[in-house]
Amino acid sequence: MDYKAQVTNSILSVLNDELSSAEVYEKLEKPKTLAMGDLAFPAFTLAKVFHKAPNAIAEELVAKIDQSSYEKVEAKGAYINFFLDKGTFSNEILNEVLEEDSTYGQNDNGKGGNVPIDMSSPNIAKPISMGHLRSTVIGNSIAKLLVKNGYHPIKDNHLGDWGTQFGKLIVAYKKWGNEEDVKKDPINNLVKYYVKFHKEDKAHPELDDEARETFKKLEDGNKEEVFLWKWFRKVSLESFNKIYKKLGVSFDTYNGEAFYNDKMDEGIQILKDKGLLVESQGAQVVKLDKYNLNPALILKSDGATLYITRDIATAIYRDRTYKPAMNLYVVGAEQTYYFKQLKAVLLEMGLPSAENLHHIPFGLITVNGKKLSTRSGRIILLDKVLDDAIDLAKKQIEAKNPDLPNKDEVANEVGVGAIIFGDLKNERTNNIDFVLEDQLRFEGETGPYVQYSHARAESILRKAGDIDLHSADKQLDDPTAWETITALKDFPAVVESACKDFEPSEVAKYSLRLAKAFNKYYAHSKILVEDDQLAARLSLVKAVSIVLKESLNLLGVKAPDAM
Ligand code: ARG
């Protein structure tokens, strides 16, 4: 229901074509507080036309407007404030939410367009970092937002599984490694070998030659090297998958850098054909002066390819396979300059989807003030953060609701949800410090608070028992319900805006707003009393439950019915 259109028509009905319908619609503002109404029209936009003071214009127009479908319409200074009729409005909005259920807020802006999302993308044989975790949860939420906006996302985990470092790793493993250790604790041991290689090669530079030859063998498909590389990749992925599973995130494809190893020639050929590849100190670069960027190094002087060479192949592949409406890369802010270069190169190549390439950067994350670097063995830490969160959630549930039958399941949903929500409630480019205890509180701006509000709504509905809400009249004129009603009304706009901005925090902030409004309502009014508005109040509770659950779902957070 478009109440903005209703107000637009009211204004137009008292004008003589001084403004078009679109102009009026655009000028309508949302007042800062509900005491100033639900929508306001700034009369000073007509001052020039009418040659009158805005306040006078506001008063004259108000006198002419048919107010029968509003609670009231009043002139306040230079504004005309519209107060929607609460009964009518709540009836409409609650009917809409209950009818549409989890599809409330769905739109078709994307028209089914494909959107590959490059997300998570950790490097094999290395611990997954907090940055990769952020990419995973932000990417997952954006994928859900895309679906809600009518797009078809393809979540692609662009693993860092190729490059000269694998030559080093294979050499190191053959010299100092053993199978049992890798099987027991793959990432920590692989990192150990890699670190040892870098210590040893200072005194023994011949190791580097050996590594180069080994990588060459790998590139050429030599059996032993390929076998080891595949094994390292497999055990790394198994350890990443444990974390993905805990987070409840899955991928559509795992086309890592290695997947593009045999697909790089085409991109290089296009660059050559277009005369874009030029020599610079023996290496091949693309000049990007036009974009105010440094040249992009595409091939080293020995002909070796680089990260960007593989990304060019990746972009061509995605372009051809998906004909993407947009091309998204959820990668840390430290690669911002790199993605500017990549986009510029692709634009120069004339790749159709280059225009719609979006790097979606995010800030750094620290846990309890400590930076998690990728150096050594930190994968345990990340896994441990999740486990600690689950333990803490379990303790809270044990204290609050000891009789809950599925305590472990709920502790999982609350603990993991707290971490995801704690990340996503921040504007993604902010740096954030994570204090676990804070994120797990049931009060304040936390995931558990929103989950708890949803569970509270569900508990009220359980107590109410079987009442047919669908055909019931849902007119609520209780002013304490109004904040909740208007929050429900705003959900579709939030879904749209969060997707446009690639900003899950808009949904997280919205869910906090709705939860707060609902809890205030709950504190101020008796819901379960037998009177003629009982069904209307329960409809409100049901609508809140639906929209809170869907908001959490868009963030990748579960909404237990009891906790
Ligand atoms: N593996 C890279 C890293 O950990 C991220 C890859 C991002 N995606 C891409 N297409 N470049 O830094």
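Which element gives the most to the lining of the largest cavity? Helix α7 does, with three residues. This short report on a predicted model begins with that enclosed space, then turns to the strands and the ligand.

## The enclosed spaces

Counting cavities of 30 Å³ or more gives three. The largest cavity has a volume of about 80 Å³. Two elements give two or more residues to the lining of the largest cavity: α7 (165-176) and α9 (186-203). Rolling a probe the size of a water molecule over the atoms is what shows where empty space is left.

To find the lining of the largest cavity in the structure above, look for Asn123, Ile124, Ala125 and Lys126, together with Gln165, Phe166, Leu169, Leu190 and Tyr194. Sorted by class, this lining holds six nonpolar residues, two polar ones and one charged residue.

## Strand β3 and its two partners

Now for the strands, with β3 as our guide. Strand β3 covers residues 79-84 and is mostly covered, with five of its six residues buried. Strand β1 (residues 39-42) runs antiparallel to β3, and four bridges join the two. If you would like a place to start looking, find Phe41, which stands opposite Ile80 in β3.

Strand β2 (residues 70-76) is also antiparallel to β3, and six bridges join this pair. Here Glu74 has Asn81 in β3 as its bridge partner. β2 and β3 form a hairpin, with two residues between them. One residue to pick out in that turn is Gly77, whose phi is positive, at about 60°. As you follow the strands, it may help to know that in a regular strand the side chains alternate between the two faces of the sheet.

## Around the ligand

Which residues surround the ligand? They are Asp118, Ser121, Asn123, His132, His158, Tyr307, Asp311, Tyr329, Val331, Gln335 and Phe339. You have already met one of these names: Asn123 is among the residues lining the largest cavity, and Asn123 also belongs to the ligand's surroundings.

Three contacts to nitrogen of the ligand are worth a look. In Asp118, an N or O atom of the side chain is 2.8 Å from a nitrogen atom of the ligand. Tyr307 also uses its side chain, with a polar atom 2.7 Å from a nitrogen atom of the ligand. For Ser121, the contact comes from the backbone, where an N or O atom lies 2.9 Å from a ligand nitrogen atom.

Terms used:
Residues numbered from 1 in each chain as written. Predicted model: local features only at pLDDT ≥ 70, side-chain atom pairs only at ≥ 80, totals over all residues. Heavy atoms only, no water. Buried < 20%, exposed > 50% of the residue type's maximum accessible area, 1.4 Å probe, protein only. Pairing = 2+ DSSP bridges. 1 Å grid on protein atoms, 1.4 Å probe; cavity = no way out; pocket = protein on both sides within 12 Å on 5 of 7 lines; lining within 4 Å. Points joined across faces, edges and corners; volume = space filled by probe spheres on them. Nonpolar A, V, L, I, M, F, W, Y, C, P; charged D, E, K, R; others polar. Near = heavy atom within 4 Å. Polar contact = N/O pair within 3.5 Å; in protein donor to acceptor, adjacent residues only side chain to side chain.
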